[in-house]
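Here's a quick tour for anyone meeting this structure for the first time. Have a look at it below, and then we'll walk through a few spots together.

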Amino acid sequence: MAPTDTLTTHNLTRHYPSGEGVHNINLTIHHGEIHALVGLNGAGKTTLMRLLLGMLKPDHGTVTLLGHNLQTTKPQLWTHVGHAVGTPPVYAELTTQANLTTAAKLRAVPPHHITTAVDNVLTDLNLEKYRHIRARNLSAGNRQRLGIATGLLHHPQLLILDEPTNALDPAGVISLRKVLLDLARNGTGILVSSHHLDEVARVADRITVINRGHTIGSLQPGTTDIEHEFFNLVWNDDQHRGEE
Ligand SMILES: Nc1ncnc2c1ncn2[C@@H]1O[C@H](COP(=O)(O)OP(=O)(O)OP(=O)(O)O)[C@@H](O)[C@H]1O
């Protein structure tokens, strides 16, 4: 693992009984980069992210996270990692503010900095007017904003977001884009999955394509016809794998 990497994987593999899963994934996320993961429904994006975060155990392969083997790492390491993968980790009965304060404590934000960290993320993700609303009464989009906010309010060194914009309105997409660019500018390595190629192409430094559980190539964020490039890669991979 180079000092510039926040995360590397080596031949990371997890098979489901159906034969699906992810196979021999070698991935790096550098400090300060936004690395996008794109693929069709069922390609393996969530499975891969869950493996990276220790939510699933691999059959083979390793994950090195901030220089530590994921299997043997100490709990303190997680204070440098943020994520929003799966159901937002929010407490339905707590207000937006109380959820964020709790998340800040769990992520070891110094006590004297918690109020500022919470206020900043409420502003950055336009949640200020929902500060005193219980999470169970938030709309789906605002609950997604809150889930993302709990994942990044401690300015982690590594941030992993699965489909963070799927419930967001255009204003939310723009707010999140700015937040991610600011974090990356300050050194956070970010892995973000999305179905929206145009959107990820605006923020990503690198785009990795995953298909049928394999990483099959990368796309250049500035490319004009990026969708065409994407479908070419997927189509060629499908032809190559046939009925495998
Ligand atoms: N717990 C599980 N048991 C068996 N198969 C699973 C399980 N979870 C996922 N799969 C299968 O593994 C494949 C990859 O699923 P995954 O959720 O990782 O894809 P994805 O790229 O995140 O898809 P989407 O874009 O639809 O969210 C799919 O075919 C899915 O049906």
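## A strand with two partners

Before anything else, keep in mind that this is a predicted model. Let's begin with strand β10, which covers residues 206-211. Is β10 mostly covered or mostly open? It's mostly covered, with 5 of its 6 residues buried.

On one hand, β10 pairs with strand β4 (residues 34-38) in the parallel sense, over 4 bridges. If you want a spot to click on, try L37, whose bridge partner in β10 is T208. On the other hand, β10 pairs with strand β11 (residues 214-219), this time in the antiparallel sense and over 5 bridges. Here you can pick out N211, which has H214 in β11 as its bridge partner. As a general point, side chains in a regular strand alternate between the two faces of the sheet.

## The turn between β10 and β11

β10 and β11 form a hairpin, and there are 2 residues between the strands. Take a peek at R212 there: this residue has a positive phi near 50°.

## Two helices side by side

Now over to the helices. A packed pair is described by the angle between the axes and the distance between them. Helix α2 (residues 96-106) and helix α4 (residues 140-152) pack at about 25°, and their axes are 9 Å apart. Because roughly parallel means an angle under 35 degrees, α2 counts as roughly parallel to α4. The crossing of α2 with α4 is right-handed.

Which residues meet where α2 touches α4? From α2 come T96, N99, L100 and A103, and they meet L146, A149 and T150 of α4. Sorted by type, the residues of this contact come out as 4 nonpolar and 3 polar, with no charged ones.

## One residue inside, one outside

Stay with α4 a moment, since I148 sits in that helix. I148 has 28 C-beta neighbours inside 10 Å, so this residue counts as buried. Setting aside neighbours within four places in sequence, I148 is in contact with A84, L125, L161, P164 and L176. As for S175, it is 27 residues from I148 in sequence, and the two C-alpha atoms are 12 Å apart.

G19 lives in the loop between β1 (5-15) and β2 (21-25). Why does G19 count as exposed? Because G19 has 8 C-beta neighbours inside 10 Å, and 12 or fewer is the cut-off for exposed. G19 and L161 are 142 residues apart along the chain, with 25 Å between their C-alpha atoms.

Terms used:
Residues are numbered from 1 along each chain as its sequence is written. This is a predicted model: local features need pLDDT of at least 70, side-chain atom pairs count only at pLDDT 80 or more; totals for chains, interfaces and linings use all residues. A residue is buried if 20 or more other C-beta atoms lie within 10 Å of its own, exposed if 12 or fewer, and partly exposed in between; C-beta atoms are placed from the backbone. Two strands pair if DSSP finds at least two bridges between them. Axes are lines fitted to C-alpha atoms, for helices over the stretch in contact, and angles run from 0 to 180 degrees between N-to-C directions. Angles under 35 degrees count as roughly parallel, over 145 as roughly antiparallel, 65 to 115 as roughly perpendicular and the rest as oblique. A crossing is left-handed if the near helix is turned anticlockwise from the far one by less than a right angle, and right-handed if clockwise. Two residues are in contact if their C-beta atoms, placed from the backbone, lie within 7 Å. Ala, Val, Leu, Ile, Met, Phe, Trp, Tyr, Cys and Pro count as nonpolar, Asp, Glu, Lys and Arg as charged, and the others, Gly among them, as polar.
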